[in-house]
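Biologist: Please take me on a slow tour of the empty spaces in this model, and keep it friendly for a first-year student.

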Amino acid sequence: MLQHSQQSFCRSPWHMDLFIRALKETEDLNPGLDSLAVVRNLRRLAGCVDPFVQNFLGVMSNSSEDKPLFLDYWLSGFVGRGIYHSITDSGREEGVFLARDGTTVALAPLLMGIEAGLQQEANSPLSGLYPVTLAKNLGLSFLHFNSSLISEKLGPDGCWDNVTSPKIFTLSGTTSGTTDAWINGGMDGVILGRHLSGLTERPLKISDVLEGYYCHRVEGLGLDAAHHLISTLRRQNFRELANVSVLQEQVLASLNVYWKLGGEAERVPQTELQKIIQEGVHEFVHRYMECPMIISRCQWGARPYRGWPTRLALPLSSMFIHHTNHHQPCHTFQHCAEKMRAMQLFHQDGRGWDDIGYSFVAGSDGYLYEGRGWQWRGAHTRGHNSQGYGVAFIGNYTMGRPPQRSLELVQHHLATCAVSAGRLVGNFTLHGHRQLVNTTCPGDGLYSEIMGWEHFRVKEG
């Protein structure tokens with residue numbers, strides 16, 4: 001096993017599957033340690049032992065509960081590097097892993113949330129769950145934005161050098177201190193921590209918990225029949241646990257504890273602090289709870305735009321629904337990314353367009369994919385491209401319909417996100433492609449579905 005570890009973990013790609021495998025080996029090498037002892041030791045290995053964390057999760061000791069892990073050299077290095085979160089001066093984010101669903105996850109908040117849930121006693125409040133996963137970091141980012149010239153309170157996301165063998169994750173802009181990967185890990189930590197706190201017995205292996213959450217497959221039964229506790233449903237599950245008032249309370253309380261313990265961030269008066277937190281939490285809720293997760297162009301491997309894109313004049317008045325017709329539905333990030341690359345290739349080389357025509361594309365994997373995005377005019381609905389966003393569902397829906405969860409992403413979350421951000425007018429109209437162009441798109445099955453949506457309008461004239 002040790003030789004296998006050396007070959008596997010030296011110069012390893014940062015895939016979540018590989019970390020889970022490393023965790024399995026760690027658990028196998030330490031059969032005398034229960035799940036809580038394992039995650040506590042992982043935190044110690046990664047150096048997550050500052051006063052704030054220890055205030056909520058406890059001080060590591062020499063008790064039997066904190067018996068040290070036995071790890072070989074290579075495994076120890078891989079796990080330690082994988083959990084320790086940092087951002088270099090060049091914008092490289094470390095301590096993050098690419099999950100099967102195409103999202104990038106920081107391990108530190110994930111594992112600390114699991115630890116908070118495991119050490120929870122029955123019927124007592126989870127006092128440390130939000131502080132160690134999200135609340136403190138969100139608060140410090142809000143304060144940093146208020147006192148500096150950075151353009152964003154939260155984020156950013158980033159790009160892997162290679163999604164097949166990810167080694168380097170580079171942020172797409174100046175960091176706020178709380179990146180998208182940290183937020184993904186923090187949400188997952190809250191979700192899994194809350195789940196574990198409600199169990200009557202601790203799970204035997206944390207690797208099994210992570211495998212069920214990150215390594216799920218939806219091809220067989222489909223997304224609508226998938227287990228609810230999976231990473232694809234991260235935002236939906238987090239919405240069921242948190243709201244604006246809970247987050248504001250947690251951020252405020254976490255910052256006060258942070259300052260009490262000697263934190264370096266500059267104090268501000270409580271009335272000003274509450275205003276800063278209120279504004280910051282509302283932005284967090286909009287970006288990470290109301291809006292759907294959109295897989296960026298760099299994540300699905302887009303080629304560059306050809307020529308010069310035309311900026312849209314926002315807000316737009318319409319949304320146009322399409323199906324891709326000649327494609328089978330895709331149920332995984334890898335498959336959907338392949339479909340996106342194939343569509344872009346056909347649109348650029350086959351039709352001579354500057355880029356993939358659609359603004360956004362919905363897979364059957366539970367995610368939306370960025371086409372031309374929010375700012376740039378697409379090539380999706382002849383004669384109307386400047387008036388609305390073109391959103392396509394991957395598949396042929398002449399007969400059937402996309403998964404209900406994929407439909408909801410577009411009908412509710414993408415539309416709500418666009419309206420609240422000033423990208424669509426509140427009374428926007430929704431049309432099927434066939435209403436404006438001589439085509440059968442988006443198929444009879446999908447068209448009959450969207451006819452019941454709130455903003456659907458019969459074309460006048």
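Modeller: Let's start at helix H6, which gives the most to the lining of the second largest cavity, with four residues. Before going on, a few ground rules. The model is predicted, so to speak of a local feature the pLDDT must be at least 70, and side-chain atom pairs count only at pLDDT 80 or more, while totals for chains, interfaces and linings use all residues. Residues are numbered from 1 along each chain as its sequence is written, and side-chain values use heavy atoms, leaving out hydrogens and water.

What counts as a hollow? Rolling a probe the size of a water molecule over the atoms shows where empty space is left. On a 1 Å grid over the protein atoms alone, a cavity is a set of points where a 1.4 Å probe fits but cannot get out, whereas a pocket is an open set with protein on both sides within 12 Å along at least five of seven lines; a lining residue has an atom within 4 Å of a point. Points are joined across faces, edges and corners, and the volume is the space filled by probe spheres set on them. Helices (H or I, at least four residues) and strands (E, at least two) are DSSP runs, numbered from the N terminus.

Back to our cavity. Its volume is about 40 Å³, and H6 is joined by helix H3 (35-46) in supplying at least two residues each to the lining. The residues around this second largest cavity are Val 39, Leu 42, Arg 43, Cys 48, Ile 83, Ala 108, Leu 111, Met 112 and Glu 115. Sort them by class and you get seven nonpolar, no polar and two charged residues. (Here Ala, Val, Leu, Ile, Met, Phe, Trp, Tyr, Cys and Pro are nonpolar, Asp, Glu, Lys and Arg are charged, and the others, Gly among them, are polar.)

H6 also leads us to an open space, the second largest pocket. This pocket holds about 800 Å³ and has 36 lining residues, with Asp 50, Lys 136, Asn 137, Leu 140 and Tyr 258 nearest its centre. Helix H4 (51-57), strand S1 (86-87), H6 (107-118) and helix H7 (129-147) each give two or more residues to the lining. H7 has the largest share there, at ten residues. The class split for this pocket is 18 nonpolar, 13 polar and five charged.

Now the other closed hollow. There are two cavities of 30 Å³ or more, and the largest has about 80 Å³ of space. Its walls include Gly 102, Thr 103, Asp 157, Asp 180, Asn 184, Arg 235, Ile 294, Ile 295 and Gln 299. Helix H8 (180-197) and strand S7 are the elements that give two or more residues to this cavity. By class, its lining has three nonpolar, six polar and three charged residues.

Asp 180 and S7 carry us on to the largest pocket. Its volume is about 1,000 Å³, and of its 36 lining residues, Asp 180, Arg 287, Glu 370, Trp 374 and Arg 423 are the closest to the centre. Strand S5 (158-160), helix H12 (270-290), S7 (294-295) and helix H13 (297-300) each bring at least two residues to the lining, and H12 gives the most, with four. In all, 17 nonpolar, seven polar and twelve charged residues line this pocket.

Two of these elements have loops worth a glance. Lys 167 sits in the loop between S5 and strand S6 (169-171); this lysine is partly exposed, at 33% relative accessible area (buried is under 20%, exposed over 50%, partly exposed in between, with a 1.4 Å probe and protein chains only). The C-alpha of Lys 167 is 5.1 Å from that of Pro 13, although the two are 154 residues apart along the chain. After H13, the loop leading to strand S8 (316-323) holds Pro 315, which is joined to Leu 314 by a cis peptide bond with omega of about 0°.

Finally, a label from a record: UniProt, in an unreviewed entry, places the feature "domain: Peptidoglycan recognition protein family" at residues 292-437. Such positions use the numbering here, names are shortened, and annotations may be inferred rather than shown by experiment. Over that stretch the chain is 27% helix and 21% strand, with end C-alpha atoms 28 Å apart.
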